[in-house]
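Dear colleague,

I am handing over the structure below, and I would be glad if you could look through it alongside the notes that follow it.

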Amino acid sequence: MNLSSFARVRLTQAPTPFEFLPSITRLLNGPNIYIKRDDNTGLATGGNKTRKLEFLIGEALAQGATHIVTQGATQSNHVRQTIAAANKHGMKTTALLEERVSGAHADYYSSGNVLLDQIFGATLETRPAGLDMNHELIAVGERLRAAGEKPYLIPGGGSNPVGALGYVVAAHEIVSQTNELGLKVDCLVHATGSTGTQAGLVVGLQGCNSRIPVLGISVRAPRDKQEDNVRKLARQTWALLGARGEFPDETVVANADYVGGGYGVPTDGMVEAVNLLARHEGILLDPVYSGKGFAGLVDLVRKGHFTKGQNIVFLHTGGAVGLFGYRGVLAPQAAF
Ligand SMILES: *Cc1c(COP(=O)(O)O)cnc(C)c1O
């Protein structure tokens, strides 16, 4: 797969670390658990969107864009990383924040990613839940064009075929790190939302003839819908890369058992996972994505789905900044 023909800027401190988690492995008394630290991509406190933005910002610059327009939920990690990447490359950003999570703690609307968005200096607009956010994005793009700007639209999560290329790159990186360690990986587990991460991974792994199975833990959609969405983007990414033959649909597998009450709604498993990794490995997960993803991994170990002797890799996609929006659930009895 030839990635060199795509416009790209460098934003990621790669390769991100690949580490063994000795305490968690001992504690769960099941498979060997490793972690790929894409929470440490380096830009604006890190996270998975940085890899996608290398190609998205690259394309925006190639098109002469002056203004990035994107959207996400109020505590979007994607919006935070996008503004930082645009700032670094001399473009302005307008971000639409969808009030997708209702009844959250006041911090949710003002702290965490929202605070950082404000520090990075983007134009922020809010939208009520339930609108067609891509339609909203196009409307804002037209408004900016009429005002003389050259807008470049990035969909939610940076999840289109261009953005997914970032995770094609990551797949190559993971294969080379595990090969170096002589490690046979039985499953690569991560949180899946807007699908660019999983689509890029499955396409990239296929491209290097790797048989590492990927399991996406859904944070929003039911299993069938999530798998359909990932497959659709994977096929488009496959086509963009000019890969030969058909994309192997069966490589897309999701599990939606850990969504709980919905996107951004805390679960007991998430709180346990955040506490486990913080207290035994000194690693911060996040409440919306990686916390639920890791909760899924823990539960699948406890249920015997993953067993002793296997090597399971958790792809940490970042998001710890979002913890500050969830003080009410993570430290409910804090006196100060
Ligand atoms: C966006 C995000 C994800 C999900 O990645 P997708 O490519 O949207 O599926 C996972 N974890 C974190 C922290 C994220 O911000």
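The notes below deal with the ligand site and then with the salt bridges.

Please bear in mind that this is a predicted model, in which local features need pLDDT of at least 70 and side-chain atom pairs count only at pLDDT 80 or more, while totals for chains, interfaces and linings use all residues. Residues are numbered from 1 along each chain as its sequence is written, and side-chain values use heavy atoms, with hydrogens and water left out.

The ligand occupies the largest pocket (on a 1 Å grid over the protein atoms alone, a pocket is an open set of points with protein on both sides within 12 Å along at least five of seven lines, and a molecule sits in it if more than half of its atoms lie within 2 Å of its grid points). Around the ligand there are 17 residues, of which K49, K52, S194, T197 and T317 come nearest (a residue counts as near if one of its heavy atoms lies within 4 Å). Helices α2 (49–62) and α7 (196–207), together with strand β7 (187–192), each supply at least two residues of this shell (helices, H or I with at least four residues, and strands, E with at least two, are DSSP runs numbered from the N terminus).

Oxygen atoms of the ligand make polar contacts (pairs of N or O atoms within 3.5 Å) with the side chain of N77 at 2.9 Å, with the side chain of N48 at 3.0 Å, and with a polar backbone atom of G196 at 3.3 Å. Taken alone the ligand exposes 380 Å², and the protein buries 99% of that (areas by the Shrake-Rupley method with a 1.4 Å probe).

Across the whole structure, the search finds 19 salt bridges (a side-chain nitrogen of Lys or Arg within 4 Å of a carboxyl oxygen of Asp or Glu). One of them joins D107 and R327, with the closest N and O atoms 2.9 Å apart; D107 lies in the loop between β4 and α4 (113–120) and R327 in helix α11 (residues 327–330), so the pair ties together parts that are 220 residues apart in sequence. D107 is buried at 13% relative accessibility, whereas R327 is partly exposed at 45% (buried means under 20% relative accessible area, exposed over 50%, partly exposed in between, with a 1.4 Å probe and protein chains only).

A further salt bridge connects R302 and E272 at 2.7 Å, N to O. Finally, K36, D38, R51 and E173 are linked in a network of salt bridges.

With best regards

How values were computed. Polar contact = N/O pair within 3.5 Å; in protein donor to acceptor, adjacent residues only side chain to side chain. 1 Å grid on protein atoms, 1.4 Å probe; cavity = no way out; pocket = protein on both sides within 12 Å on 5 of 7 lines; lining within 4 Å.
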